Each structure stands twice: as C-alpha cells, then as structure tokens.
Amino acid sequence: MAPRRLLLVGEGNFSFAAALSETLDSNASLTATCIQHPVELARDPVAQKNLLRLRERGTEVRFGVDCTQLANAFEPHDRKFDRIYFNFPHCGRKAGVAKNRKLLAKFFQSCVDVLAEEGEVHVALCRGQGGTPADKPQREWHNSWQVVAMAALGGLILSDVLPFSCEAVPGYKCTGYRSQDKSFRTEGALNHIFTWSLPFEGSQPRVFRIKLGGQWFSFSEPKALAGKLNRGFLEASSCHPIQILNEKLIVELGTTFPFKRLKCSFPLLPLKGTSVLPSWNCDILSSFWINLHEDNSDSESLNGETIQEMEDFLVSFSELSLHKSPRRDGKEVHEGISGQAKVWLRSSLLVHVQAIIQAPDFLPGSLYILSGPVFQKCHILPFTMPAFHETLLILGFNQSLKDNCLPSLLNHLTGILDSLLTQTLSDGSTLSSSVEFVPQPNRNDYIIHVKSHNFGPDCAKDLIIGSVITSVTSITHKDQCFVLVSINLDLLAMIVWGISDWRILWTFDNRFLKKFLPGEIEPFKSYSLYPPCYVHDISFWLDEEKGFDELEFHTVARAVSQDTIISIKFLGRFQHPKTEQVSLCYRLTYQTCDKALTQQQVASMQSQFRKEIQQQLHVIPR
Ligand SMILES: C[S@@+](CC[C@H](N)C(=O)[O-])C[C@H]1O[C@@H](n2cnc3c(N)ncnc32)[C@H](O)[C@@H]1O
C-alpha cells in the first residue's frame with residue numbers, strides 16, 4: 001500500500017493531532033499545522049503538552065500555516081495529501097455565517113493545490129452549521145454555512161457525512177474561539193467528507209466520425225445530449241447496471257422461449273422509413289436532429305477534440321441524398337447543401353420492427369431481442385429522460401395461437417419483473433415494487449406499470465416502464481400476428497437500485513460503476529450527497545406570430561445548463577392590459593447529481609440561457 005499523507009489544519013491545542021498520531025500505522029505520515037506562531041501558544045499548557053507528545057513521536061508540526069493559502073506552506077514536491085482535516089473551523093468569536101462561509105470557501109479553494117487525486121477533505125462542523133439535511137434538525141440554508149456550496153468552489157463534492165464523536169478520539173478536547181479557552185459544543189457535530197468532482201468540461205458535446213455507404217461523415221452530439229451518444233453501456237464487456245439488468249432479463253426470458261439476440265445499429269436514422277412507427281409511440285417532431293458533414297480528412301481530431309470513429313451497417317444511408325426534413329409545422333424544408341445531410345436519432349427501437357419481421361429468416365415462435373439507446377426531446381422531469389436504453393422483444397405467431405402465446409409471454413414477464421423488483425438485499429432490507437400490465441382503451445395494448453417503494457420511506461412512485469403492443473396494423477406479415485414488448489431499462493434500473501436521479505446513469509465518474517458488483521443488488525448510495533440547489537426565475541415576452549414551444553424551451557435549458565437543471569416550474573402568465581403582449585414566467589432549479597456546481601457557474605449559464613432563448617425561440621427576456 002502506498003504511504004498515506006495526512007494534513008491537519010487549524011489545530012487549536014493540538015489535542016486532535018496528538019490523539020490521531022497515536023492511532024496511525026507506520027505507513028501513514030501526519031503533518032499538524034496551526035495558523036498561530038509558537039509564541040502565541042507558549043502560555044497554553046495543554047498545547048505545550050500535546051506538542052511534546054507529537055515531537056516524541058516524530059510528527060511534523062508547522063506553525064503560521066494559513067489554511068486558505070496552503071500552496072504557500074508546501075513546496076510543489078511536498079503537496080498531494082491523501083487526507084486534509086479541518087475540525088470546527090471558525091474565524092473567531094464575533095464572526096457570523098458570512099465570514100465563516102468565506103473561510104470555508106477559501107479553505108476548499110486552497111485544498112485544490114495540495115489534495116491528492118483520490119484524496120479526501122474532512123470538515124467537522126457543529127450541529128446545524130453545514131446546512132445539509134444530514135443535520136437534525138436541518139438549519140435554514142440562508143442561515144447555515146452552506147458547506148456543500150462552499151466546497152463546490154474548490155471543485156469538491158460531499159461524499160459522506162458521519163457523526164463526529166469527540167469521545168472516539170481519546171484525549172481530544174476541541175478548542176474554543178481563537179485565544180479563548182472555552183470549548184465548543186460538539187454534541188450532534190458532523191464530519192463532512194469531501195472528494196474531487198469531475199470537471200464540467202467532460203460533458204461538452206463530442207464530435208464523431210461515421211462511415212456510411214463508403215463515405216465518412218462527421219457530426220457533433222446535439223448539445224442537449226452531451227455525453228449521451230456512443231457510450232457502449234450495453235456492450236458485452238460493460239458492467240453498467242443497465243447491462244447487468246438486461247442480461248438478467250434476457251437469461252430469464254430464455255428459460256421459456258427460444259430466443260435470438262439482434263445486433264443493434266448506431267441510432268442514426270435516415271428520413272425515410274418512419275412510416276411504420278405507431279404514431280402514439282414515436283413522435284418524429286420531438287426527435288433530435290443531427291447534421292452530418294461529409295468529411296474526407298484523415299485527421300483524428302477536430303478543434304482539439306478527439307473524434308470517435310465508427311462504421312455503421314445501415315445500408316439505407318446511401319439514400320442520404322434526399323435532403324428533406326419535416327418541420328414542426330408539418331411543412332418540408334429542402335436542405336440541398338452538398339456534402340451535408342440531416343438525419344435523426346431514433347426515438348424508439350420500434351423503427352426496426354418492420355425490417356426484422358420481414359427478414360427471410362424470421363421464425364414465428366422465437367423471441368427476437370433487440371437492445372439499444374434511444375433519444376427523444378422531453379420536458380425536464382425527474383423520471384423522464386431524453387436518452388435511455390430500450391429492450392424490445394418481438395414474438396411472431398400464427399393468428400390461431402394468439403390466445404395462448406400472448407398470456408404465456410405476459411405471465412412470464414410479470415414473474416421476471418416481479419422477481420427483479422422484489423428481493424432481499426445484501427443488507428437484509430427488502431425491495432418492494434409491484435408490476436401490473438394495464439390494458440389500454442383499445443383492449444389490445446398494455447402499459448407496464450410499476451408501483452415502487454424503493455426510493456425511500458414515504459416515497460411511493462408510480463412509473464410506466466414500458467408497453468406491450470399487439471395491435472400494430474401497419475406492421476402486418478402473412479397470416480401472422482406479433483406482440484412487441486418495449487422496456488425502458490434505465491427506468492427499470494432506477495427502480496431496482498433505488499436511483500432517484502436518472503442523470504447519474506450517464507456519469508463519466510468511475511465511482512458510479514464501482515457501486516455495482518456482479519450478482520449483488522444493494523441500494524445505491526451516491527458519492528455526491530446533498531448537492532446545492534440554485535434557483536433562478538426567468539420571464540419573457542412572447543412574439544405573437546412565432547408562438548411558444550415549451551418543449552424547445554426545456555431542450556434549450558437542458559443544452560445550456562449541460563443537464564444541470566433539475567426542474568422547470570411554470571409560475572404564471574401575464575397579459576399587458578394596454579399592449580396585450582403576453583409574458584410567461586418560469587422558475588429554474590439548478591442542481592447536479594455528481595458534479596460540483598457553483599453559484600457563479602449557474603449565474604453564467606442563466607445569462608447564456610437568456611441569450612439562447614432570445615435567439616432560438618424568438619422571445620424577449622424581461
Ligand atoms: C473552534 S477552533 C477549532 C480548533 C481545532 N481545530 C479543534 O478542533 O480544537 C477554530 C480554529 O480555526 C482556526 N483558523 C481560523 N482561520 C484559520 C486560517 N485561515 N488558517 C488556519 N486556521 C484557522 C483558528 O485558529 C482556530 O484554532
């Protein structure tokens with residue numbers, strides 16, 4: 001094991017340092033520091049006794065170390081601490097919340113210079129000071145030290161909170177305010193443990209190159225889908241929870257039906273071939289569009305970005321010369337620019353059904369399974385995602401067998417989903433969710449409804465995780481009938497592991513995948529707790545002629561905020577009594593699930609959002 005380096009800042013009487021040094025093994029080294037100079041501690045007998053203990057053990061002690069300027073205290077070769085402790089930070093007796101927040105902010109910003117890559121910052125705070133829900137009772141945010149928001153300024157996220165027990169550190173006696181002998185009240189104190197967050201740059205749209213019909217094209221991810229294309233979660237080598245779940249599902253289905261897995265193509269689709277979509281399932285107008293540019297360069301990077309290359313086998317791309325794209329108003333636009341083509345990202349795997357059932361080797365009675373990512377513009381809501389993974393089951397059978405085949409498939413699926421959603425976890429707790437196939441008014445189709453209690457006590461959720469379609473009149477073939485089952489794997493995974501924020505499924509942070517061990521299902525515990533929320537209102541005048549597209553409003557918000565907006569709430573509509581001009585007002589709440597987000601970053605996103613809606617949606621911000 002590599003040696004661990006620990007740094008203590010803001011020590012008072014060095015009683016914590018002395019106690020800690022006695023618990024360390026030979027692999028760990030401790031540097032204990034305080035801001036005071038030796039003369040200031042000369043008259044403190046407790047401090048002198050502890051300093052003697054530390055010297056006897058050979059512990060490094062440094063005086064005059066300002067924890068807001070740590071780079072000044074350590075030479076570049078002497079930095080990279082694995083753990084930095086600041087117990088009960090305080091600026092002094094008269095300092096209020098604002099001053100102490102500032103101390104925390106500057107301390108966290110200074111940690112950046114001396115914290116190792118996988119290092120931790122431990123900050124013990126008195127009951128209520130932190131301002132997170134971990135404090136019981138929780139103090140009002142504006143009255144607290146807002147520790148998670150201050151840590152975000154240093155790019156740190158809160159990864160754990162534990163009770164801080166002075167008794168657990170024998171001999172530790174918390175010092176009071178600077179130059180005072182009175183001790184702090186430490187009952188109910190919490191130790192806040194911070195770790196590095198991934199930088200925001202990771203979620204910038206990426207550039208891809210794709211070979212279609214012998215020609216290379218390049219394109220960039222739509223901004224609202226940054227980080228969502230070509231992630232390979234369903235590849236055989238992946239240990240993503242989506243893949244774990246899909247494999248369980250397929251293995252179980254295979255116990256009753258002969259099945260065949262189909263290779264899923266890259267999700268780009270040409271404009272043709274959309275007619276097979278049941279209109280209630282795939283709305284092409286809320287699809288994401290991609291601009292492909294002919295790319296004959298040999299370069300592996302464009303604007304400094306590494307280009308991800310892939311070959312696609314969809315032959316239909318040779319038809320890309322058809323430069324027509326439908327608009328929301330139903331009219332068609334001719335693109336006509338040579339070397340460019342507009343394609344769309346599939347919003348459902350149902351687009352592939354016709355090709356599959358018309359293939360010469362399609363066998364009735366076998367279950368065909370296709371799994372892949374799909375994309376669709378949607379409102380910003382907790383359980384609605386613009387990108388997710390779908391598993392599609394296709395079963396064909398003769399009309400005469402309909403009364404047997406369909407109930408058999410549905411029964412079997414209910415059993416599988418029930419067993420996935422209701423199980424005893426390794427910590428002894430039980431997951432409890434119930435699955436129901438709810439018939440639709442046409443009596444042929446069903447939605448797969450789950451009532452789940454996996455998101456915490458007092459938090460029952462009703463979610464639709466998929467659908468069963470038996471009435472697709474546009475997909476007919478000989479005298480056969482078909483049943484199609486579509487399952488949203490991301491939603492299913494969220495329910496199974498009790499993950500309440502879908503965005504974390506897409507994180508680039510390796511700590512996420514480490515939470516999932518093959519064969520074990522444990523409730524998911526995030527490595528980013530109580531991330532700060534920032535609220536901004538926006539109101540704008542509408543352009544009467546252009547109207548207002550709320551879905552686009554949400555999509556622009558998603559793109560500009562790099563998916564850091566967790567909710568958009570409509571606050572009201574106002575019509576000017578004289579001009580009759582209409583204005584709308586919305587409340588945007590920014591919160592990330594796994595990255596440090598600061599007030600300043602949000603303010604700049606919000607001002608960018610004002611500009612973008614003006615440009616793209618033709619509204620006039622007030
Ligand atoms: C309430 S005392 C806690 C002392 C000690 N950590 C303990 O647990 O007993 C707050 C401490 O924060 C220290 N402090 C305040 N500002 C500091 C700074 N900029 N750099 C280092 N220490 C600071 C004070 O000197 C004081 O010792």
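Q: Which polar backbone atom partner lies 2.9 Å from a nitrogen atom of the ligand?
A: The model is predicted, so local features need pLDDT of at least 70 and side-chain atom pairs count only at pLDDT 80 or more, while totals for chains, interfaces and linings use all residues. Residues are numbered from 1 along each chain as its sequence is written, and side-chain values use heavy atoms, with hydrogens and water left out. A polar contact is a pair of N or O atoms within 3.5 Å; within protein, one must be able to donate a hydrogen and the other to accept it, and residues adjacent in sequence count only if both atoms are side-chain atoms. The ligand nitrogen has its partner at 2.9 Å in the backbone of C67.

Q: Which residue has a side-chain N or O atom 3.2 Å from an oxygen atom of the ligand?
A: A backbone N or O atom of H90 lies 3.5 Å from a ligand oxygen atom. The side-chain partner, at 3.2 Å from an oxygen atom of the ligand, belongs to Q36.

Q: How many residues are around the ligand?
A: A residue is near a molecule or strand if one of its heavy atoms lies within 4 Å of it. G10, D66, N87, Y172 and T175 come nearest, out of a total of 20.

Q: In which loop is F88 found?
A: F88 has a positive phi of about 50 degrees although it is not a glycine. Helices (H or I, at least four residues) and strands (E, at least two) are DSSP runs, numbered from the N terminus. On that numbering, F88 is in the loop between β4 (81-87) and α5 (97-111).

Q: What is the omega of the peptide bond from K136 to P137?
A: P137 is found in the loop between β5 (115-125) and α6 (147-152). The bond from K136 to P137 is cis, with omega near -5 degrees.

Q: Are α7 and α9 parallel or oblique?
A: Axes are lines fitted to C-alpha atoms, for helices over the stretch in contact, and angles run from 0 to 180 degrees between N-to-C directions. The axes of α7 (residues 241-254) and α9 (residues 402-421) come within 10 Å and cross at roughly 140 degrees. Angles under 35 degrees count as roughly parallel, over 145 as roughly antiparallel, 65 to 115 as roughly perpendicular and the rest as oblique. Therefore α7 is, relative to α9, oblique.

Q: How many nonpolar residues has the contact of α7 with α9?
A: L245, K248, L249, E252 and L253 in α7 meet H412, L413, I416, L417 and L420 in α9, where contact means heavy atoms within 4.5 Å. Ala, Val, Leu, Ile, Met, Phe, Trp, Tyr, Cys and Pro count as nonpolar, Asp, Glu, Lys and Arg as charged, and the others, Gly among them, as polar. By these classes the contact of α7 with α9 has one polar and two charged residues, and its nonpolar residues number seven.

Q: How many charged residues has the contact of α9 with α10?
A: The axes of α9 and α10 (residues 489-497) come within 9 Å and cross at roughly 45 degrees. The contact is made by L417, L420 and L421 of α9 and L492, I495 and V496 of α10. By class it has six nonpolar residues, no polar residues and, as for charged residues, none.
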